[in-house]
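Subject: A structure for you to explore

Hi there,

Here is the structure I promised to pass on to you. Have a look at it first, and then read my notes below.

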Amino acid sequence: MTDQVTITQADGVLEILWNRPDKKNALSQAMYAKAADALLAASEDKSVRVVLLGSTGDAFTSGNDLSDFAAANASGSSEPRQSSRFIDTIIAFDKPIVAAVPGLAVGVGTTMLLHCDLVYVAKDAKLTVPFVNLALSPEAASSITLPARIGYVRAFAMFALGEALTGEQAANTGFANAALPATEVLPAARAAAKALAQRPVGAVMATKKLMRNAEALTERANTEVKIFSERLRSAEAAEAFTAFREKRPPDFSKV
Ligand code: COA
């Protein structure tokens, strides 16, 4: 089976690429686990100065694999463990992360970007957080980070109405550093990562630590997980996941 997360390292930059293009890079539990392990190891490894998070194919990621959500709903369990572990790890990660987003980013695909330090997106990328469409609620501390980044009403429209942010809008609202033609996104992110890797890493890490309140974000993410897990077990969510599997719009009037 192809490696669904490819990890390489050169010149102080650890590259983590989502690599499941046939499923728009939907994130399975194994993919979260591998990325979390790579981040934890990178934090301890002096030879890693910067992490680049990107993807193969035309999408960044379509978010959590919905079949895992459906399984959690059917079994009555809470949010799958590896996704929570990945989120906790990226929130607490102490070295700089540069993101390359060539196209679609859905759900955690967008909320993880709010824990990256430099973000390059394709002009026609589509960033969404359609938690309410799936009868779910915000995760990864995005109930704090998204309104802080783009303002409350815009964030609420993204969460509750499923409105998208295009790459251009992401750059204009301060969500991303630049919106570029899709083919230029990964090269731009690589160039930025290389430049960062040449900076004094201690000073870069101190700046990141001062600019983000990782403890408060972790606390919010933990609160969100409890609510998210309840939502995941709900009849509303069961209808949303069944509708996705059956390739039809959900009908929440029955639940
Ligand atoms: N989980 C599992 N499978 C997914 C997926 C996800 N999050 N996103 C896409 N896929 C699968 C599709 O089921 C399809 O599989 P198939 O070829 O076996 O039928 C394949 O990836 C391609 O997706 P498709 O829907 O045909 O592509 P598209 O370009 O028309 O639409 C999306 C792409 C991402 C807009 C659409 O697939 C979608 O809405 N996915 C769900 C996203 C989501 O809700 N994520 C969770 C957020 S919390």
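Let me start with a question: how far does a polar side-chain atom of K247 lie from an oxygen atom of the ligand? The distance is 3.0 Å. Please keep in mind that this is a predicted model, so every value here was computed from it.

K247 has company around the ligand. In total, 15 residues surround the ligand, and K23, S62, N64, L66 and K247 are the closest of them. Two of these residues use their backbone to meet a nitrogen atom of the ligand: for S62, a backbone N or O atom lies 2.8 Å from such a nitrogen, and for L66, a polar backbone atom is 2.9 Å from one. On its own the ligand has 860 Å² of accessible area, and the protein covers 63% of that.

Where does the ligand sit? You will find the ligand in the largest pocket. Sorted by class, the shell around the ligand is made up of seven nonpolar, five charged and three polar residues.

Now for the strands. Strand β1 (residues 5-10) and strand β2 (residues 13-18) run antiparallel and are joined by six bridges. Try finding I7 in β1, which stands opposite I16 in β2. The two strands form a hairpin with two residues between them. In that turn, D11 has a positive phi of about 50 degrees.

There is also an open sheet of three strands, in the order β5-β7-β8, and its pairing is mixed. Why is one side of β5 and of β8 left without a neighbour in the sheet? Because β5 (105-106) and β8 (165-166) stand at the edges, each has a single partner strand. For β5, two bridges link it in the parallel sense to strand β7 (residues 126-128), and A105 stands opposite L127 in β7.

Enjoy exploring!

Best wishes

Conventions. Residues numbered from 1 in each chain as written. Predicted model: local features only at pLDDT ≥ 70, side-chain atom pairs only at ≥ 80, totals over all residues. Heavy atoms only, no water. Near = heavy atom within 4 Å. Polar contact = N/O pair within 3.5 Å; in protein donor to acceptor, adjacent residues only side chain to side chain. Areas by Shrake-Rupley, 256 points an atom, 1.4 Å probe, with all protein chains shown as cover. 1 Å grid on protein atoms, 1.4 Å probe; cavity = no way out; pocket = protein on both sides within 12 Å on 5 of 7 lines; lining within 4 Å. Sits in = over half its atoms within 2 Å of the grid points. Nonpolar A, V, L, I, M, F, W, Y, C, P; charged D, E, K, R; others polar. Pairing = 2+ DSSP bridges. Helix = DSSP H or I, 4+ residues; strand = E, 2+ residues; numbered from the N terminus.
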